[in-house]
Structure formats: C-alpha cells, structure tokens
There are 2 protein chains.
Amino acid sequence: MSDLEASPARPTRLRLRILFGEDAMLGPGKAELLERIRDTGSISAAGRDMAMSYKRAWMLVEEMNAAFRAPLVESSRGGSGGGGARVTEAGLAVLRLYRSIEETAALAGAAQIAELRAMLHDIPDQK
Amino acid sequence: MSDLEASPARPTRLRLRILFGEDAMLGPGKAELLERIRDTGSISAAGRDMAMSYKRAWMLVEEMNAAFRAPLVESSRGGSGGGGARVTEAGLAVLRLYRSIEETAALAGAAQIAELRAMLHDIPDQK
C-alpha cells in the first residue's frame with residue numbers, strides 16, 4: 001500500500017490487484033507474504049504473521065511459483081531444521097515491480113484521488 | 001477494470017481499491033454496483049446481476065451514502081411500484097473519478113506491468 005497523504009485523520013491508500021488473464025493474479029496479500037518470507041525465512045512464520053493458515057500460505061506460494069517462469073520462493077519442507085524458505089532473485093524482482101507499480105499508480109492518480117477525498121464527509125482528527 | 005492489453009490469451013487488468021482511513025473504501029465491487037443501479041434503476045436488480053444478496057447490496061449502498069457528503073444513491077423503498085433507485089449527480093461523479101483513476105493508474109504502470117507479465121509462464125493462445 002502506498003501512502004497518498006500524511007494526514008493522521010484519514011490516510012488514503014491505494015491497493016492494487018493485477019490480473020493476468022484468468023489464471024494468475026498478484027495483489028497485496030501475495031506481495032506482503034513475499035516480504036514476510038524474505039524477512040523471516042519461513043513460509044509458516046510469514047503466514048502466521050498475517051493470521052493466515054499454513055495451508056493457505058503454502059497454496060499462495062505454490063500459485064506464485066506456478067504462474068511465473070522462475071520460482072519466486074524456494075523452500076525445503078522439513079528436515080532437522082524444520083525447513084526454511086527464501087525469496088529468489090525472481091521473487092525479489094517481482095516484489096520490487098509490484099511495489100513500484102503501486103507507487104506509480106498512486107502518484108499518477110493523486111489529483112483525482114484528492115478530488116474523491118474532498119467529496120467525503122469530514123471526520124474529526126481524533127476518533 | 002481497465003484493459004491493459006488486447007491479447008485474448010492473457011488480458012491483463014488492474015483492479016484498484018482506494019482506502020480512505022479506516023472507515024471508507026471504494027473498490028471494484030461498489031463501482032460495479034453503482035453502474036448497475038444507474039443502468040437498472042434498482043438496488044435489488046443490480047445486486048442480483050452481481051450474484052449479491054439484497055441485504056449486501058443495500059449495505060454497500062448505505063456505506064457509500066454514509067461515507068460521502070452527498071448521497072450517491074437515492075431510493076424509495078417499496079410503494080406500489082416496488083420502489084426504485086437512482087444514482088445521483090454525486091454518485092455519477094464518484095463513478096467517473098474512480099474509473100478515471102483506474103485508467104490513469106493502468107496507463108502510468110503499463111511499462112512495469114508489461115515487465116511483470118514478461119516474467120510469467122507462457123500460456124497457449126487457446127485454453
């Protein structure tokens with residue numbers, strides 16, 4: 001998510017989902033999962049941090065690995081160390097592109113998003 | 001959704017959700033609902049077209065009307081004609097802005113989205 005405004009009262013964010021035909025999709029959930037796997041070195045820890053089941057985290061990783069030419073996450077399931085996972089170079093590139101598209105979109109749409117925001121009810125600074 | 005590519009094999013689309021603080025959100029579902037209410041003159045018909053319960057369609061309309069300064073949808077619940085609904089000038093303006101932000105974002109991100117797409121597995125033209 002990209003911050004469009006620093007206001008504490010109503011920070012405006014853009015979330016973006018990219019659909020590639022019927023069978024591949026990249027959105028905020030997968031991007032965050034990649035970031036957390038990169039940071040924790042573990043699919044299960046990454047999923048846990050997102051309140052996602054182990055099964056769902058694995059499913060999302062498998063979807064991404066199947067959709068892209070090169071795997072985005074490499075993992076060893078188990079072993080004495082309990083297995084681990086790392087985001088590959090391709091995974092890091094996909095993540096950078098996704099975040100960059102988000103930022104580009106938010107910047108390009110900023111004036112129109114501000115127009116929309118001006119049509120909203122005022123809200124108090126403190127809730 | 002904005003078409004980024006005419007290819008029948010893998011049309012790429014961008015879906016966009018705008019979050020205004022914690023309490024207001026505008027995304028593809030609400031935008032489509034507004035369009036269908038505009039076209040059908042009915043909240044229930046619009047919801048039905050989207051395989052959405054009457055209750056959910058009403059809830060989304062009420063959310064939008066509460067979030068914006070002016071109501072986006074005006075409705076008469078019942079009466080001999082069964083009630084009807086229309087999208088207000090404010091509603092049409094919000095819809096235009098939302099679709100325009102989508103288009104702006106898709107255009108601004110097109111080169112990077114193409115980079116992402118080039119990292120996907122090839123898929124056959126015919127499925």
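**View 1. Where the predictor is sure of chain A, and where it isn't.** In this predicted model, confidence in chain A bottoms out in strand β1 (residues 2–3), with a mean pLDDT of 51. Helix α1 (residues 28–40) of chain A sits at the other end of the scale, with the highest mean, 97. Taken over the whole of chain A, the average pLDDT is 88, and 83% of the residues score at least 70. As for the complex, the predictor assigns an ipTM of 0.84 and a pTM of 0.84.

**View 2. How chain B maps onto chain A.** Turn chain B by 180°, shift it 0.0 Å along the axis, and you can lay it on chain A with an RMSD of 0.0 Å. That's how a two-fold axis relates its copies. Both copies use the same surface, too: 100% of chain B's contact residues turn up again in chain A.

**View 3. The β2 strands meet across the two chains.** Here strand β2 (residues 12–20) of chain A pairs with strand β2 (residues 12–20) of chain B. The pairing is antiparallel and takes in 9 bridges. To get your bearings, look for Arg17(A), which stands opposite Arg15(B) in β2(B).

**View 4. The hairpin within chain B.** β2(B) is also joined to strand β3 (residues 24–26) of chain B, by 3 bridges, and these two strands run antiparallel. A handy landmark is Ile18(B), which stands opposite Leu26(B) in β3(B). Between the strands of this hairpin there are 3 residues, and Gly21(B) takes a positive phi near 60°.

Definitions and conventions. Residues numbered from 1 in each chain as written. Chains lettered and ligands numbered in written order. Predicted model: local features only at pLDDT ≥ 70, side-chain atom pairs only at ≥ 80, totals over all residues. Heavy atoms only, no water. Least-squares fit on C-alpha atoms with pLDDT ≥ 70 in both. Contact = heavy atoms within 4.5 Å. Pairing = 2+ DSSP bridges. Helix = DSSP H or I, 4+ residues; strand = E, 2+ residues; numbered from the N terminus. pLDDT = per-residue confidence, 0-100.
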